[in-house]
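Here are a few exercises to help you find your way around a structure you have not met before. Try each task yourself, then follow the solution step by step.

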Amino acid sequence: MASAPWVPIRTCIGCRRRLPKPQLIVIKLNEGRFEVYPPGTKLPGRSLYLCPRADCLDKLRRRKKVVFKAQPPGRSIIPLSSEAGRELLAKLARLIERLGPPDENRLAGPGQARRGEM
Ligand SMILES: [Zn+2]
């Protein structure tokens, strides 16, 4: 009973669902540029999160902007039409493609998918 591990919950900026942080893509804003990291990456400081799903990327695209509750000065609002915003969408698309659909990841464990499929 006491052994249920505590998992931090974060909100996906696409679908706005609240999900365990280790399942979400990590987005950092670094000197005006976005960096994206695979789910489970641990980084210090503020981040935004997105489900690794093309769906959520589409939803994010429709939001037109990204709001970073940044450091002490308050908020940074970055329009997705800006250079940084477009770069973010491109990076997310590439990362999501690389990760593949979440369900497939679960079925094809490490080493399983590649074995004897020639
Ligand atoms: Zn989502």
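## Exercise 1: The two sides of a helix

On helix H2, Glu83, Ala90, Arg94, Glu97 and Arg98 are exposed, on the side away from its buried residues. Please keep in mind that this is a predicted model.

**Task.** Find which residues of H2 are buried, and work out what they pack against.

**Solution.**
- Step 1: Locate the helix. H2 covers residues 83–99, 17 residues in all, and spans 24 Å from its first C-alpha to its last, close to the 24 Å expected at 1.5 Å a residue.
- Step 2: Pick out its buried residues, which are Leu88, Leu92 and Ile96. Looking down the axis of H2, you find them within an arc of 60°, so they line one face of the helix.
- Step 3: See what this face meets. The buried residues of H2 pack against strands S3 (25–30), S4 (33–37), S5 (48–50) and S6 (65–68), and also against helix H1 (54–63).
- Step 4: Look just past the end of the helix. Directly after H2, glycine 100 has a positive phi of about 75°.

## Exercise 2: The overall plan

**Task.** In what order do the elements follow each other from the N terminus on?

**Solution.**
- Step 1: Count the elements. The protein chain has three helices and seven strands.
- Step 2: Read them off from the N terminus, which gives β-β-β-β-β-α-β-β-α-α.
- Step 3: Add the burial. Of the 118 residues in the protein chain, 19% are buried.
- Step 4: Consider the contacts with a separation of 6 or more. In the protein chain, 44% of these join residues 24 or more positions apart.

## Exercise 3: Building the sheet

**Task.** Which strands stand at the edges of the three-stranded sheet, and how many bridges join S3 to S4?

**Solution.**
- Step 1: Write down the strand order. The sheet is open, with the order S4-S3-S5 and antiparallel pairing.
- Step 2: Find the edges. S4 and S5 each have a single partner strand, so one side of each is left without a neighbour in the sheet.
- Step 3: Check the twist. On average, neighbouring strands of this sheet are turned by 30° against each other, direction ignored.
- Step 4: Count the bridges. S3 and S4 are joined by five bridges, while three bridges join S3 to S5.
- Step 5: Look at single pairs. Lysine 28 has glutamate 35 in S4 as its bridge partner, and asparagine 30 stands opposite arginine 33 in S4.
- Step 6: Put the helix in place. H2 packs on the sheet, where it touches S3, S4 and S5, and its direction makes about 10° with that of S4.

## Exercise 4: Into the core

**Task.** Which element gives the largest share of the largest nonpolar core, and what does isoleucine 25 touch?

**Solution.**
- Step 1: Start with the best-connected members. Among the 19 residues of this core, Cys12, Ile13, Leu24, Ile25, Ile27, Tyr49 and Leu50 touch the most other members.
- Step 2: Sort by element. S3, S4, S5, H1 and H2 each contribute at least two residues to the core, and S3 has the largest share, with four residues.
- Step 3: Follow isoleucine 25. Leaving out residues up to four places away in sequence, isoleucine 25 touches Val36, Tyr37, Pro38, Pro39, Tyr49, Leu50, Pro52, Leu92 and Leu95. Leucine 50 is also the bridge partner of isoleucine 25 in S5.

## Exercise 5: Three residues to classify

**Task.** Are arginine 16, glutamate 31 and phenylalanine 68 buried, partly exposed or exposed?

**Solution.**
- Step 1: Recall the cut-offs. A residue is buried if 20 or more other C-beta atoms lie within 10 Å of its own, and exposed if 12 or fewer do.
- Step 2: Take arginine 16, in the loop between S1 (9–11) and S2 (18–20). Arginine 16 has 10 C-beta neighbours inside 10 Å, so it counts as exposed. Its phi is positive, near 70°.
- Step 3: Move to glutamate 31, in the loop between S3 and S4. Glutamate 31 is exposed because 4 other C-beta atoms lie within 10 Å. In this hairpin, with two residues between the strands, glutamate 31 takes a positive phi near 50°.
- Step 4: Finish with phenylalanine 68, in strand S6. Phenylalanine 68 has 18 C-beta neighbours inside 10 Å and therefore counts as partly exposed. Its contacts beyond four places in sequence are Leu29, Arg46, Leu48, Arg75, Ser76 and Ile78.

Terms used: Residues are numbered from 1 along each chain as its sequence is written. This is a predicted model: local features need pLDDT of at least 70, side-chain atom pairs count only at pLDDT 80 or more; totals for chains, interfaces and linings use all residues. The expected span of a helix is 1.5 Å times one less than its number of residues. The arc is that of the directions from the helix axis to the C-beta atoms. Two residues are in contact if their C-beta atoms, placed from the backbone, lie within 7 Å. A nonpolar core is a set of buried Ala, Val, Leu, Ile, Met, Phe, Trp, Tyr and Cys residues joined through C-beta atoms within 7 Å. Two strands pair if DSSP finds at least two bridges between them. Axes are lines fitted to C-alpha atoms, for helices over the stretch in contact, and angles run from 0 to 180 degrees between N-to-C directions.
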